[in-house]
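Biologist: I should like to understand how the terms used for a protein model are justified. May I put some questions to you about the one shown here?

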Amino acid sequence: MIQIVNSSIQIYINQLVSEKLGLPISSFQFHTVGSGSINESCRITINHHIQFFLKLNSATKYPRLFKKEKNGLEFIGKQKIIHVPDVIACDETSNYQILLLEWIEEGIQTEKFWDQFGEQLAKLHRITNPHFGFPEDNYMGALPQQNKMHESWIEFFCHHRLEPQIKFAEEKHLLQAKQLSLFENLYDRLQDIFNAERPALLHGDLWSGNYMCNENSEPVLIDPAVYFGHRSMDLAMTTLFGGFDKVFYESYNYYFAFPKNYREQW
């Protein structure tokens with residue numbers, strides 16, 4: 001993992017922030033806020049009161065990881081439906097990649113928060129595209145994610161979601177022949193499992209660690225893996241680790257009714 005205290009990185013970020021803000025910097029402090037599974041992160045405090053969120057990673061281990069994240073945040077942000085952190089800077093230096101974001105002060109997840117979250121995700125899923133996929137590949141966490149465009153959701157899901165993960169697991173000797181045959185049977189059933197829907201704009205990795213509640217108790221999406229897909233992909237992810245509050249699902253279903261067999265899809 002990268003050591004945030006690296007003085008050369010601090011000097012570079014100091015200069016970068018000064019250029020972006022267009023103001024002299026009298027004080028510059030780094031406060032570690034914990035590390036994710038692949039990134040180092042910290043809060044930067046400038047001139048005692050201006051705050052940003054900084055992410056650091058290797059520029060070679062996960063090439064263009066933060067550039068892809070930047071593009072995803074900005075793509076969701078320009079829909080003007082749900083909040084995302086503003087991207088202040090995205091750069092590379094000394095074999096490191098840097099992503100500097102707006103600092104989000106956390107608030108209370110009220111019932112209104114969950115109601116608004118469900119409504120806004122439903123509206124985000126109403127944003128559509130002629131094809132499933134996305135103009136560029138990106139990452140889902142540390143995993144490269146293929147987004148080649150397809151007219152068919154089933155083809156996209158098989159070729160660019162299931163098959164790469166099955167191949168990865170097979171290469172790691174995590175799957176047996178019997179399990180591989182079960183996936184072959186699943187491919188034949190997908191047409192019956194997924195209802196026909198237009199491609200929906202997805203966050204792409206919407207588990208409980210990839211949203212925030214800001215100081216105004218409004219939802220904020222972070223760490224996207226954006227593409228156009230079947231909306232049940234996002235909804236299924238929300239059920240991991242205990243799921244979201246029931247108000248979220250009631251609100252979403254009010255604004256965009258779940259597929260009739262949503263339990264089978266999720």
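The conversation below takes several descriptive terms in turn and sets each against its criterion.

Modeller: Please bear in mind that this is a predicted model. The protein chain has eight helices and eleven strands.

Biologist: What makes the protein chain as compact as a globular protein of its length?

Modeller: Its radius of gyration is 20 Å, and the globule rule gives 18 Å for 266 residues; the two values are close, so the chain is as compact as a globular protein of that length. Along the principal axes, the C-alpha trace spans about 60 × 45 × 35 Å. Buried residues make up 47% of the 266 residues. Of the contacts with a separation of 6 or more, 64% are between residues 24 or more positions apart.

Biologist: Why is T238 called buried?

Modeller: Buried means under 20% relative accessible area. T238 has a relative accessible area of 0%, and therefore it counts as buried. This residue lies in helix 6, which covers residues 232-238. Leaving aside neighbours within four places in sequence, T238 is in contact with L206, G243, F244, F248 and Y249.

Biologist: How do you know that the side chains of E136 and K68 meet in a salt bridge?

Modeller: The criterion is a side-chain nitrogen of Lys or Arg within 4 Å of a carboxyl oxygen of Asp or Glu. For E136 and K68 the distance from N to O is 3.7 Å, so the pair satisfies that limit. The pair links distant parts of the chain, 68 residues apart: E136 is in the loop between helix 3 and strand 6, and K68 is in helix 2. Both residues are buried. In general, side chains of opposite charge can pair when their charged atoms come close. A search of the whole structure finds seven salt bridges, and K55, E69 and D223 are linked in a network of them.

Biologist: What separates K70 and E74 in helix 2, and why is E74 called partly exposed?

Modeller: K70 and E74 are four residues apart in helix 2, so about one helical turn separates them. They form a salt bridge, with the closest N and O atoms 3.1 Å apart. Partly exposed applies between the limits of 20% and 50%. E74 has 37% relative accessibility and therefore counts as partly exposed, whereas K70, at 18%, is buried.

Biologist: How do E119 and K123 count, buried or partly exposed?

Modeller: E119 has 18% relative accessibility, so it counts as buried. K123 has 39% and therefore counts as partly exposed. Their side chains meet in a salt bridge with an N to O distance of 2.7 Å. Being four residues apart in helix 3, E119 and K123 are also separated by about one helical turn.

Biologist: What is notable about phi of N95, and why does N95 count as exposed?

Modeller: Most residues other than glycine have a negative phi. Phi of N95 is near 70°, a positive value in a residue that is not glycine. N95 lies in the loop between strand 4 and strand 5. Exposed means over 50%; N95 has 58% relative accessibility, so it counts as exposed.

Biologist: Where does S217 lie, and is S217 buried or exposed?

Modeller: S217 lies in the loop between strand 9 and strand 10. Its phi is positive, about 60°, although it is not a glycine. At 17% relative accessibility, S217 falls under the 20% limit and therefore counts as buried.

Definitions and conventions
Residues numbered from 1 in each chain as written. Predicted model: local features only at pLDDT ≥ 70, side-chain atom pairs only at ≥ 80, totals over all residues. Heavy atoms only, no water. Helix = DSSP H or I, 4+ residues; strand = E, 2+ residues; numbered from the N terminus. Rg over C-alpha atoms; globule rule 2.2 N^0.38 Å. Buried < 20%, exposed > 50% of the residue type's maximum accessible area, 1.4 Å probe, protein only. Contact = heavy atoms within 4.5 Å.
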